[in-house]
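Okay, thanks everyone, let me put this one up on the screen. I'll walk you through one helix and a couple of arginines.

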Amino acid sequence: MPKDHDFKRLVRARMDDTGERYTQARAALAAERGAPDPPVSHRTRSVLGQLASIELAEPSRRYLERLPEPERRAAAIEGLDHPDWRVRRTSALLLDRVDLTAESVAALTRALDDEHPQVRRKAVHSLSCEQCKPDSCAVDVRPLFERVIGDRSRLVRSMVLGVCTLHFLGDQWAVDLVAHVAAADPSAKLRAGAETAIRQLRERWDSDDRRRAGRWVIVRDGRITAVGYGRDLDPGASRYWTAPAGARRPRIP
């Protein structure tokens, strides 16, 4: 079996050749090489169970976080089936900082139906956060978010809203989802947050439209003097948001 970085290179090469997603390509290569995650040891299983204890949860989590990635992933996948919700919650969290595999994606997807909202919330994050993954790969979040935004828990829905507004408002589907939250979410707090995100997005694109029409910030002595809204700006100065290169304006309600 090649070293981790070599294996990731092979996975990405297969993705280029086949058009498969990262988890599909990785699972196929791992199956070809007969290299599944190792079995969970009795020692690790014992520490995993200690996550249910308030007194032992923190040192147990630190122990599990220090395990090699394959062992940590195998333990966390097993932990998602534990009868105690605290074990399941931390197991979902442990899968956030390891590479996704077909097995871990399947386990986290099942956790989206967990009876406890904290488990569902952590599962949403671990499935969707590219920034936390060593390989920077996550699953296609659109069908995931469109499903979970109807979760009965405000905590879970707030996770979806937060990630959408931070990372995905360049995609039309995410704008539509946030607009749906603004119009119809049962939580007044989430509706207000979504309304703010939509308003700010509209302001940015309206500002960019004005910039493209020839309105620019004031530059004096090599410095931009119009840096924000407020009465302290120079007369006639305005604040403009510039769209990233190649960005296309979405339909904004």
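So, Arg-45: if you skip anything up to four places away in sequence, it touches Val-40 and Glu-78. Keep in mind this is a predicted model. With Val-40 there's a polar contact too: a polar atom of the Arg-45 side chain lies 3.4 Å from the backbone oxygen of Val-40. And look at Ala-76, 31 residues away along the chain from Arg-45, with 9.8 Å between the two C-alpha atoms.

Arg-45 sits in helix 3, and it's partly exposed, at 36% relative accessible area. Which residues of helix 3, residues 42-49, are buried? Those are Thr-44, Val-47 and Leu-48. They're on the same side of the helix, because they span an arc of only 105° around the axis. That's the usual helix arithmetic: at 3.6 residues a turn, positions three or four apart point the same way. What do the buried residues of helix 3 pack against? Helix 4 (57-65), helix 5 (69-79) and helix 6 (85-94).

Helix 6 brings me to the other arginine, Arg-88. Buried or exposed? Arg-88 has a relative accessible area of 6%, and under 20% counts as buried, so buried it is. Its side chain reaches the backbone oxygen of His-82 at 3.0 Å. Beyond its neighbours within four places in sequence, Arg-88 is in contact with Gly-79, Leu-80, His-82 and Pro-83, and then further along with Asp-114, Glu-115, His-116 and Val-119.

Okay, that's my tour.

Methods: Residues are numbered from 1 along each chain as its sequence is written. This is a predicted model: local features need pLDDT of at least 70, side-chain atom pairs count only at pLDDT 80 or more; totals for chains, interfaces and linings use all residues. Side-chain values use heavy atoms; hydrogens and water are left out. Buried means under 20% relative accessible area, exposed over 50%, partly exposed in between (1.4 Å probe, protein chains only). Helices (H or I, at least four residues) and strands (E, at least two) are DSSP runs, numbered from the N terminus. The arc is that of the directions from the helix axis to the C-beta atoms. Contact means heavy atoms within 4.5 Å. A polar contact is a pair of N or O atoms within 3.5 Å; within protein, one must be able to donate a hydrogen and the other to accept it, and residues adjacent in sequence count only if both atoms are side-chain atoms.
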